[in-house]
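Work through the exercises below with the model open. Try each task before reading its solution.

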Amino acid sequence: MIEVQHLTKRYGPFTAVNDVSFRVERGEILGFLGPNGAGKTTTMRVLTGYMPPTEGKAVVAGYDVLEQPLEAKRRTGYLPETPPLYPDMTVRDYLLFVARIKGVPGKERRARVDQAMQRTWVADMANRHCGKLSKGYKQRVGLAQAILHNPEVLILDEPTAGLDPRQVRETRALIKELAGDHTIILSTHILPEVSQTCQRVVIINRGQVVAVDTPENLTSRVHGSATMYLQVDAPGADAAASAAAALSGVPGVTQVGVSDTQGSVTGFEIQSEQGRDVRRELAAAVVAHGWGLLELRPLRMSLEDVFVQLTTQEVQPATTEVAHE
Amino acid sequence: MNNVLAIAHKEIKAYFASPIAYIVVGFSAILFGWFFVNLLLYFDRMALQAAAGGPDTLNVNEMLIGPLLQNVAVVLLFTLPLVTMRTYSEEKRAGTIELLLTSPLTDVDIVLGKFLGAFVLYAAMLAVTAVHVGLLFLFGQPEWRPILTGYLGVLLMGSCFLSLGLFISSLTKNQIVAGMITFAVFLMFWVINWIASFAGPTMQVVLNYLSITEHLNDFTRGVIDTKHVVYYLSFIGFSLYLTVRSVDTERWRG
């Protein structure tokens, strides 16, 4: 449905997007993930025909965006980063105008506009001027504008930005519901959003794709070796160091790192060989030394850690900032 | 064509939803009225002198309507930059240009739509002056043909200003910058032949030909000279072409 091949976009000497390729199948929701300035918006702008690529090509709904832009645009709905609203127009007039320029036939326009307003919960603001709406309503009118002409492809640049938690949930539900007959690309920097709504993720950093996979695969792939968090109460001077030494001696353990210390209580992050469960041995070792075993649990890498790891310039082993919730 | 009309319709709505349309039309009407009264009083005095043995040919077309339309040109110089300065700048600032450029519209659709929208507002502004001219028909017998050609000339000249203003607006995000540059360029096209009398013979012809107001004179005398029509139409065509190119360049630059 959407195919991006070796897409490069340069602004003068600055390369915003560098040789990006990916595919999106019909009915799929693809999450586009990356830090600010990674090239998400630029890629989306190329896909929507807002700007041409410097190199490479993009095919949307079977039409090359450079060769047959009008055909591709007719089949694309786009919500830019800032919803493109005319402040002096009422919501209904605005949507009627958008319906007209998107090529919705005159007879259907009113019905389509009403339908889109209902789906995005803005019907109660139909006669309000766009400029007077709250951020959340603006965002949703922007969404209404994107789905109005029932496009095959929806490209949403941070669709839930500025919404309150309830609206975020409703919008995500709406996006999921739309996925059946629309193909969706959405960009975000909110990670739970990706794991909740998207079937596949493209992680982009400094204009380059660093990973394309399902959220589940990504978390397990980067996971690599298994990591445990172990907290022990080991009184006495240098207890932490001796505990670390003792734990390193446990068979199967590959690396021990101290993650936090509070008085005599020390937390360790322990990596073990892949596929080997060392929890029993660890517990036995702690008990054998007469220390108190306070906590022992596997550390699962969240998508957030994957993201941080993939997008940080010098990738470091998992001993660094692993979340402890 | 439907796309052009859609954009034009939106533009007109935008003019009338904001105070721009009312201010432009309203204040222009006041200024036209003032010029009209002034010229009418002058004509009246001339008529009295003629009765007392002054010049024997008095022509309401030549002495009143012609100069009135010339004065309209002065008003345009100040008001039309206000009409065109927002056309593209505002869309760029508000990000709505992104909607237009990602909709199934061609750049030509957008430019022509915007031009047409501004033209309708301008025509509304001129329609107000027709009230004054209409009054003359109640009390005298002016010739209607020169009036018609005069209006045609003013419409063409204003359209030149509009198309040029549209182009300048497409170059910047800032309305004030667009407005000021437009005003300066309009003024330049106006006064460009002021130094003609000091220039050499070739330069003189060139400068006079470039002057946007120089071409209006024949129209107000009731003459439709293709030379002037060609000048105005090519001016409009070229400015609109530049606007289309400018919008396209903007895409490539990002």
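A residue counts as exposed when its relative accessible area is over 50%, as buried when that area is under 20%, and as partly exposed in between. The model used here is predicted.

**Exercise 1. Classify Ile30(B) as buried or exposed, and find the patch that includes Ile30(B).**

Step 1. Locate the residue. Ile30(B) sits in helix α2 of chain B, which covers residues 20-51.

Step 2. Apply the cut-off. The relative accessible area of Ile30(B) is 55%, so this residue is exposed.

Step 3. Look for partners. Ile23(B) and Phe27(B) join Ile30(B) in a nonpolar surface patch. Together the three have about 320 Å² of accessible area.

Step 4. Recall the helix geometry. An α-helix has 3.6 residues a turn, so residues three or four places apart point the same way.

**Exercise 2. Describe the surroundings of Ser239(B).**

Step 1. Place the residue. Ser239(B) belongs to helix α11 of chain B, residues 226-253.

Step 2. Classify it. Ser239(B) has a relative accessible area of 4%, so it is buried.

Step 3. Follow the side chain. The side chain of Ser239(B) reaches the backbone oxygen of Phe235(B) at 2.9 Å.

Step 4. Set aside neighbours within four places in sequence. Ser239(B) then contacts Ser163(B), Leu164(B) and Phe167(B).

**Exercise 3. Analyse two salt bridges of chain B and state which helices they tie together.**

Step 1. Start from the principle. Side chains of opposite charge can pair when their charged atoms come close.

Step 2. Take the pair Glu11(B) and Arg86(B). Their closest N and O atoms are 3.7 Å apart, and the two form a salt bridge. Glu11(B) lies in helix α1 (residues 2-17) of chain B and Arg86(B) in helix α4 (residues 86-94) of chain B, so the pair links parts 75 residues apart in sequence. Both Glu11(B) and Arg86(B) are buried.

Step 3. Take the pair Arg251(B) and Asp107(B). Their side chains form a salt bridge at 2.7 Å, N to O. Arg251(B) is in helix α11 of chain B and Asp107(B) in helix α6 (residues 107-139) of chain B, so this pair ties together parts 144 residues apart in sequence. Both Arg251(B) and Asp107(B) are buried.

Step 4. Look for shared partners. Salt bridges join Lys10(B), Glu11(B), Arg86(B), Glu91(B) and Lys114(B) into one network.

**Exercise 4. Find the partner of Arg297(A) in a salt bridge and classify both residues.**

Step 1. Identify the partner. Arg297(A) forms a salt bridge with Glu295(A), with the closest N and O atoms 2.6 Å apart.

Step 2. Classify the arginine. Arg297(A) has 22% relative accessibility, so it counts as partly exposed.

Step 3. Classify the glutamate. Glu295(A) has a relative accessible area of 28%, so it too is partly exposed.

Step 4. Add the total. The structure holds 25 salt bridges over all chains.

**Exercise 5. Decide how many residues of helix α1 of chain A are buried, and see what follows the helix.**

Step 1. Count. Helix α1 of chain A spans residues 40-47, and seven of its eight residues are buried.

Step 2. Name them. The buried residues of α1(A) are Lys40(A), Thr41(A), Thr42(A), Thr43(A), Met44(A), Val46(A) and Leu47(A).

Step 3. Move past the end. Gly49(A) follows α1(A) and has a positive phi, near 80°.

Step 4. Set the chain context. Chain A has 11 helices and 14 strands. Of its 325 residues, 51% count as buried.

Technical notes
Residues numbered from 1 in each chain as written. Chains lettered and ligands numbered in written order. Predicted model: local features only at pLDDT ≥ 70, side-chain atom pairs only at ≥ 80, totals over all residues. Heavy atoms only, no water. Helix = DSSP H or I, 4+ residues; strand = E, 2+ residues; numbered from the N terminus. Buried < 20%, exposed > 50% of the residue type's maximum accessible area, 1.4 Å probe, protein only. Polar contact = N/O pair within 3.5 Å; in protein donor to acceptor, adjacent residues only side chain to side chain. Contact = heavy atoms within 4.5 Å. Patch = residues over 30% accessible without salt bridge, like charges linked within 9 Å, V, L, I, M, F, W, Y side chains within 5 Å. Areas by Shrake-Rupley, 256 points an atom, 1.4 Å probe, with all protein chains shown as cover. Salt bridge = Lys/Arg side-chain N within 4 Å of Asp/Glu carboxyl O.
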